[in-house]
Number of protein chains: 4
Amino acid sequence: VNKKQSAALLVAEWKPKKRDEISEDEVKDRRAKFGNKVWYNPKLSIKEIDMPNISGKEVLIKVKSCGICGSDIHLCEKGEDGYMLYPGLVKLPVVIGHEVSGEVVKVGSEVEGIKVGDMVVVEEMWYCGECDACRRDYFNQCLRLEEMGFTKNGGFEEYMVANYKYCWKINDFLNVYRTEDKAYEAGSLVEPTCVAYNALFVRGEGFKPGSYVVIWGTGPIGLACICLTKIAGASKVIAFEVKERRRQLAKKVGADYVFDPYELMKNGIEPYEKVLDITNGEGADIQVEAMGNPVFGMRQMQKAMSIGGKLVWIGRAIEEASIYLEYFQTKASQVYGSQGHAGFGVWPNVIRLISSGRLDMTKIITKVVGLEELSTMLKELEKGKEIKVLVKP
Amino acid sequence: VNKKQSAALLVAEWKPKKRDEISEDEVKDRRAKFGNKVWYNPKLSIKEIDMPNISGKEVLIKVKSCGICGSDIHLCEKGEDGYMLYPGLVKLPVVIGHEVSGEVVKVGSEVEGIKVGDMVVVEEMWYCGECDACRRDYFNQCLRLEEMGFTKNGGFEEYMVANYKYCWKINDFLNVYRTEDKAYEAGSLVEPTCVAYNALFVRGEGFKPGSYVVIWGTGPIGLACICLTKIAGASKVIAFEVKERRRQLAKKVGADYVFDPYELMKNGIEPYEKVLDITNGEGADIQVEAMGNPVFGMRQMQKAMSIGGKLVWIGRAIEEASIYLEYFQTKASQVYGSQGHAGFGVWPNVIRLISSGRLDMTKIITKVVGLEELSTMLKELEKGKEIKVLVKP
Amino acid sequence: VNKKQSAALLVAEWKPKKRDEISEDEVKDRRAKFGNKVWYNPKLSIKEIDMPNISGKEVLIKVKSCGICGSDIHLCEKGEDGYMLYPGLVKLPVVIGHEVSGEVVKVGSEVEGIKVGDMVVVEEMWYCGECDACRRDYFNQCLRLEEMGFTKNGGFEEYMVANYKYCWKINDFLNVYRTEDKAYEAGSLVEPTCVAYNALFVRGEGFKPGSYVVIWGTGPIGLACICLTKIAGASKVIAFEVKERRRQLAKKVGADYVFDPYELMKNGIEPYEKVLDITNGEGADIQVEAMGNPVFGMRQMQKAMSIGGKLVWIGRAIEEASIYLEYFQTKASQVYGSQGHAGFGVWPNVIRLISSGRLDMTKIITKVVGLEELSTMLKELEKGKEIKVLVKP
Amino acid sequence: VNKKQSAALLVAEWKPKKRDEISEDEVKDRRAKFGNKVWYNPKLSIKEIDMPNISGKEVLIKVKSCGICGSDIHLCEKGEDGYMLYPGLVKLPVVIGHEVSGEVVKVGSEVEGIKVGDMVVVEEMWYCGECDACRRDYFNQCLRLEEMGFTKNGGFEEYMVANYKYCWKINDFLNVYRTEDKAYEAGSLVEPTCVAYNALFVRGEGFKPGSYVVIWGTGPIGLACICLTKIAGASKVIAFEVKERRRQLAKKVGADYVFDPYELMKNGIEPYEKVLDITNGEGADIQVEAMGNPVFGMRQMQKAMSIGGKLVWIGRAIEEASIYLEYFQTKASQVYGSQGHAGFGVWPNVIRLISSGRLDMTKIITKVVGLEELSTMLKELEKGKEIKVLVKP
């Protein structure tokens, strides 16, 4: 372990758009609740930084693989006004990257159950466990949340630090992947899969085997939803996606029907009509919005619901949608908002599914690169040329 | 039992606004799915009609009390274009009235568990029990639903007929009400209370004792929600209502806080801010929309939610609302649409609560009249002069 | 359609062991609540009986396949005292058989959604839909239950009658099975699969994908549990079974681990220890008792539970078991009793799973015979030589 | 704050009954998993001990009131063989007492949301928040649990220390109790009330308003169950209790029916028959075992269940019970084991209920004494002369 290491460090200028929208705590901590309202001229670059130290409950992880997420793009990109596009919590400077797998190389004195040499993945939601939300088991709504890769250094560096309570062992991935290399690649897909799992099985309370499922949008999260709903007994999985390459992948990972919604509409068919058609008019028992297009999403989804149907919202967007509540009354149906991935056995269950060979998310990887190619890849992803890119620092 | 009886009969002219919006079955059965699109020039009058006969599974009930519901007003009222205002399922001519209590005077040969002399109340949702929705336990979503007082003769007549499976005994009301008369009055409030109960405890899945509750709109359904949430352990019940008399009643039946939302807004306070204020910023664990104002309702309710908060929608309206799904994601919250009152122990539980003296809905009665005053009362109610009026045929 | 048909008719002598244990209604209707306490000297024979007529809500079905169930054996067998072994509800004479598929050849005037030529399966629990249990959605606890093949003529005859509300269409089975013949065979396995589905996903409330599952006993119901838990996302399915042929089939339909519990115990290993071993000491998230051996079952299962673990009881037995509630307290775990298969989308979901090709129960068929071989097969099954035998009348 | 303080210190001799039943960790930490198997000759005495120091996340609390629990008796009592009676986790020496309220007099540098002067109550289950059970939201099943008053110093001392995450503010109790003194008394009843709340509303998943409830055993936990089920909408609460004074109190806090089960049985009436009688043969929707008598409890409770009924087990005992699973199958019913009180909003909800004046547990207090009388009171309680005794150190 050297004294210096390479890391993808994001910096920007603290320059609140409107002074009065920022709280004193935000100013004091240089920690913006809404990144796009404060951080000006974001710049990502590969820097040599100090190797981190660990305290009693922390572990030091040699990062083996770290996936690039859509929010990484928005963190590094600026809008026309020069401000960061990402609208969420950001504290700079920070090493980005939050889809991490790696090998434990050092453990603090108070760490239990994890030892040097263990293969681990790391949660992104660093919930405190002490606030009123955490004490009520709403870890994903933690009032003092830290986020790896947003407010704390993440995975696009050689060595990272995490409290052991956010780490989960994936040693059993070697049951199904022949090489450690491949196992770590699968590992760096655990985080987005957990986001999908939490939406479907915790927030959305799952569904009965035999159910009809619709996934709206098949980026990495939507693709994980397809995989998970097939595994959990959906009898038909229907996916809608505008991008060609994503549609191909949706089919490859198991969707029974995949459509380009715009193509359908050009031909005078509303996507929801397609759902009703495929389901003999019964509609979908559970639908997931993983597009981030609430206006279009709600318009279609509320007409494609079965009696007792569920809509689960993962896609983030700063637009309001129009909802016709009468549909939800006549159909006895409901809408659930979903955020995060912590708690309720999400991580151990996803890890078990991968370890048993039942779930193989590596099918969605379209490229694996070194840390030096991160910036290039952010651009390729923005253009839609890739789907899931992994970085090996 | 005479051969003729008095009944409040609703008639109108079958005159579809747009021929192509009506199905063949609707035409054949003179049964409009959307009353306001077909029935022209509705007229209510007290007529002498034949006494009904009963078949094997039916009972004949001497109606003792029948409450007037808001939908009764809309059935009898016409808009500027001369069409019925009520937008739901209607088959005419029909005897209206669906909040019924009465005495059983005759039972069919196949009736079990109900005998002559029993005091009963009658469900309004006459679900078939045989369609795919019913067989999946969605009685309120029955695909061949008949509705008492809308497609089948209801309670504004001297004697009515119902299949025994829609009847529930209220003999035990005499435990708490000294006279049969009073017991039957309480009986005719069971149906609207069941609508509230179904929304709160079946569709909305209830709430933990200690919860903060907000009821939006305190007509009879909203008032029932106040009573029921107090009984079920709400630690604070907050109500919003624009009408003075309803606010008084909300207070009387147990709301801890009652506000006129417009009055607040005139003073620069948004209703949701009041909720946050009263709940120490934690927000409401469960909120019920019983106003039929989705635009205003959603705007306020989505800002007044606690983490894990629930919105339950009872109020009906043909407007779309604007929803900001981001709130539901950050708060881990959800929206449930609710309709009807059948199944899942709703009726027996409401009857037990009344029989035990824990629930007394008679507090919301503002007038009791004879059948001949029904038309007058429909107008008084429309003007907001009364809240709950009972008719004794 | 002839005037006469062949049927496997069960008769016996009404001879109550103790007069005072029988109610007046039982005597009047010749309908024993506990068959083994009343019916003496049961005899099954193939008889020519009249073709049945149908009324308004009934359909006439040409039986294509009918599975033999363990209870069919107990109905026809007598104990040392000469009484029927089956301890449940029986009204004689009756045509037995309750795992039926067939073709609709006639429909009553009030039947909806089913037409001549449809391929159907029939529920065994003929719930009334009108009693207090049914109105509370406990169809499987119907207070006036009739049971096909026990109190009403069942499937071991050429033509049978059923109310259309107990019938479900399986026309879509032709999507996956090339011949009608094979499709009907799959159809006659729907009923036992629904018993397993109801236990797992309705009574037991399902499980999270990734869960560890143990199935105790792998007769037809246990085998269905293996199939269904694999489909629903179990990451490990462990089965225990004493009979060699059943163990082979358990493996074939997807169990990850299959053990002979007695063999283990001979080697000084308790079955629950094996479960803990395979699950890294975490225990099973859900376990199903499908053996009918409560003493042995509870002893093992309560020690094999995970934190939050569930025990679901399908196996029937007239013995008490010993339970150590302390285990359930320290583990936050629970026990659910399960009976029946009606309601809550059980049948349509099982049918969807088969129609989609995800669930193929025909793997458990070990023999297909004609009606004349029924008696012989009852004996072969009793000896454990066969697992699932289908009869084609 | 002085340097020394008075405390009720429990000591005993480490003397394992069987060496091989004790793990190495237990020996190393002098921390017995089963107190009764290790601790010999327990002795409680009031000692002068050092004032505790606090670290970053801890608060120092001046204890105002601390209730005596049944387990305090068993900790201090020895059996015929000289060993401690208490069968659970114990590390000695320890200051006992775990039903604490007090005033915050000092806060660590990392404490958030609690300040000097706040009135607080303290959880007894000091869950780690980091083990696999805690990360899956099973705080009450924490794998590294510490217990206040059992392994860490508790409330029978002048000043105690607790991590702020186990503390809950009760400042709002002054809304309903006129004096701080009285408010703190109410505060020291929060912990046992939370044990009851967790059993009923978290583990047992609550019940529908209108339900019939039976509470078996009316010690402090059973009494809390009566109060909570009345608040949550039970229409009938039936209690069974052998001790006269407890029966009186059961009646006082709201039970609708209270019986001495032995008295009934002397008269030839089984307690379960009484339940069926009072509930018109329908049985109890939810029953709580708070006696610690599983043999008698299960025998009665399984016969008193309604269709869909629930049994919730709080009472601890080291005996097995006999269960007849057939009852649970025919009734579609279930058994839940319950332990602890942490998580899922239990504490804030109980505090809200008390703050709103809806729940007043102070009715069950039979005596308030000083620390010097603790030993005497342990004996009085053992004799059944008192029900809830509070100590003011």
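**Exercise 1.** What area is buried between chain C and chain A, and which percentage of it do carbon and sulfur atoms give?

*Solution.* The model is a predicted one.
Step 1. The area buried between chain C and chain A is about 1,900 Å².
Step 2. Carbon and sulfur atoms give 48% of this area.
Step 3. On the side of chain C, 36% of the area buried against chain A comes from C:Lys208, C:Pro209 and C:Arg352, more than from any other three residues.

**Exercise 2.** State how many residues each chain brings to the contact of chain C and chain A, then describe the polar links and the side of chain C.

*Solution.*
Step 1. Chain C brings 24 residues and chain A brings 24 residues.
Step 2. Between the two chains there are 4 salt bridges. One of them joins C:Arg352 to A:Glu282, with 3.3 Å between the closest N and O atoms; this pair counts because the cut-off is 4 Å.
Step 3. Across the interface of chain C and chain A, 18 residue pairs are in polar contact.
Step 4. On the side of chain C that touches chain A, α5 (190-203), α6 (220-231) and α12 (346-355) each supply at least two residues. The residues of that side are 10 nonpolar, 7 polar and 7 charged.

**Exercise 3.** Which turn and which shift lay chain A on chain B?

*Solution.*
Step 1. A turn of 180 degrees with a shift of 0.0 Å along the axis lays chain A on chain B, at an RMSD of 0.0 Å.
Step 2. This is the relation of a two-fold axis.
Step 3. Of the interface residues of chain A, 100% are also interface residues in chain B, so the copies meet through the same surface.

Methods: Residues numbered from 1 in each chain as written. Chains lettered and ligands numbered in written order. Predicted model: local features only at pLDDT ≥ 70, side-chain atom pairs only at ≥ 80, totals over all residues. Heavy atoms only, no water. Contact = heavy atoms within 4.5 Å. Buried area = accessible area lost by both parts, 1.4 Å probe. Salt bridge = Lys/Arg side-chain N within 4 Å of Asp/Glu carboxyl O. Polar contact = N/O pair within 3.5 Å; in protein donor to acceptor, adjacent residues only side chain to side chain. Helix = DSSP H or I, 4+ residues; strand = E, 2+ residues; numbered from the N terminus. Nonpolar A, V, L, I, M, F, W, Y, C, P; charged D, E, K, R; others polar. Least-squares fit on C-alpha atoms with pLDDT ≥ 70 in both.
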